[in-house]
Amino acid sequence: GLGEDVRLKTIARQLRHNLPASQFKEVEDPRRAQGRVHALPSVLTGLLIGLVTAAPTLRDVEALLVDAARWVGLRSCPSDSTLARVLHEVDPSALLPRVGDQVRAMHRSKQLGIDKDLGISLVAIDGKVLLTGKTPFHPEAQAQGPQGDGPPYVLRVLRAMHISSAVKPILGQRTIPAATGESVTFRPFVEDLLREYGRTDLLECITADAAFANAADMRWLHESGCGFITPLKGNQP
């Protein structure tokens with residue numbers, strides 16, 4: 001309805017102000033120079049607006065950008081096929097540093113105030129399933145059949161969220177390799193977070209479930225300057 005359209009356009013306008021296209025200026029454009037109509041940073045910002053407004057399809061993103069194109073610096077509205085092509089061609093690893101840039105900017109501008117009742121900067125790390133399928137749709141998709149093989153296949157990640165602020169931004173995520181598990185991926189993931197946010201006080205304390213309660217990793221985490229909160233399973237010494 002009309003009210004929903006106004007709400008979505010308001011969100012898009014606020015995003016344009018807080019997440020300008022310049023944040024994507026370091027992302028390499030994989031497209032051929034000939035025939036480019038829309039600058040890559042503006043297209044990525046348009047896709048981001050579609051994501052956070054929960055547009056269910058790229059055609060819905062296109063419809064939203066028809067009126068919002070000028071807010072994201074587009075001379076005209078890209079088609080859904082153009083949006084799809086950009087998504088397939090851009091290297092995802094080039095986008096991850098932009099997450100860190102956004103979070104640090106929010107931290108500097110005092111948007112990540114800590115809940116006074118909690119009193120500490122707390123980051124939750126947990127495993128998440130991104131996608132499932134009947135076939136091995138990704139190199140790191142893990143088979144979940146009765147014998148550990150066959151469908152369904154799942155693509156899993158570790159994800160870190162800053163849970164002690166009202167905004168609760170995602171700080172990062174790391175794919176769990178098909179041949180390993182969450183616990184093996186935990187330390188490399190925290191190393192990623194320390195490299196990204198180690199100069200801030202965001203990683204004051206990390207909370208994780210019992211699957212991560214490995215004495216060596218917890219000792220390493222403590223020596224790295226991070227507190228931790230985790231339960232222990234009954235069979236743990």
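This is a short walk through one structure, stop by stop, with selections to make in your viewer.

The model is predicted, so local features need pLDDT of at least 70 and side-chain atom pairs count only at pLDDT 80 or more, while totals for chains, interfaces and linings use all residues. Residues are numbered from 1 along each chain as its sequence is written, and side-chain values use heavy atoms, with hydrogens and water left out.

**Stop 1: helix H6**

Select residues 182-197, which form helix H6. Helices (H or I, at least four residues) and strands (E, at least two) are DSSP runs, numbered from the N terminus. The expected span of a helix is 1.5 Å times one less than its number of residues. For the 16 residues of H6 that gives 22 Å, and the end C-alpha atoms are 21 Å apart, which agrees.

Now colour the buried residues of H6: Glu-182, Thr-185, Phe-186, Phe-189, Val-190, Leu-193 and Tyr-197. Buried means under 20% relative accessible area, exposed over 50%, and partly exposed in between (1.4 Å probe, protein chains only). What covers these residues? Among the elements to show are helix H5 (96-108), strand E3 (153-162) and helix H7 (215-223).

**Stop 2: from H6 to H7**

Stay on H6 and pick Arg-187, then add Asp-217. The two form a salt bridge (a side-chain nitrogen of Lys or Arg within 4 Å of a carboxyl oxygen of Asp or Glu), with the closest N and O atoms 2.9 Å apart. Asp-217 lies in helix H7, so the pair ties together parts that are 30 residues apart in sequence. Arg-187 is partly exposed at 27%, whereas Asp-217 counts as buried at 11%.

**Stop 3: helix H5**

Next, select Asp-101 and Arg-104, whose side chains meet in a salt bridge (2.7 Å, N to O). They are three residues apart in helix H5, which means about one helical turn separates them. Add Arg-98 and Glu-196 to see a network of salt bridges linking the four residues. The structure holds 11 salt bridges.

**Stop 4: His-162**

Finally, move to His-162 in strand E3. Is His-162 buried or exposed? It is buried, with a relative accessible area of 0%. Its side chain makes a polar contact with the side chain of Ser-121 (2.9 Å); such a contact is a pair of N or O atoms within 3.5 Å, where within protein one must be able to donate a hydrogen and the other to accept it, and residues adjacent in sequence count only if both atoms are side-chain atoms. Show what else His-162 touches (heavy atoms within 4.5 Å), including Leu-112, Val-123, Pro-169 and Leu-202.

Methods: Lists of a residue's contacts leave out its neighbours within four places in sequence.
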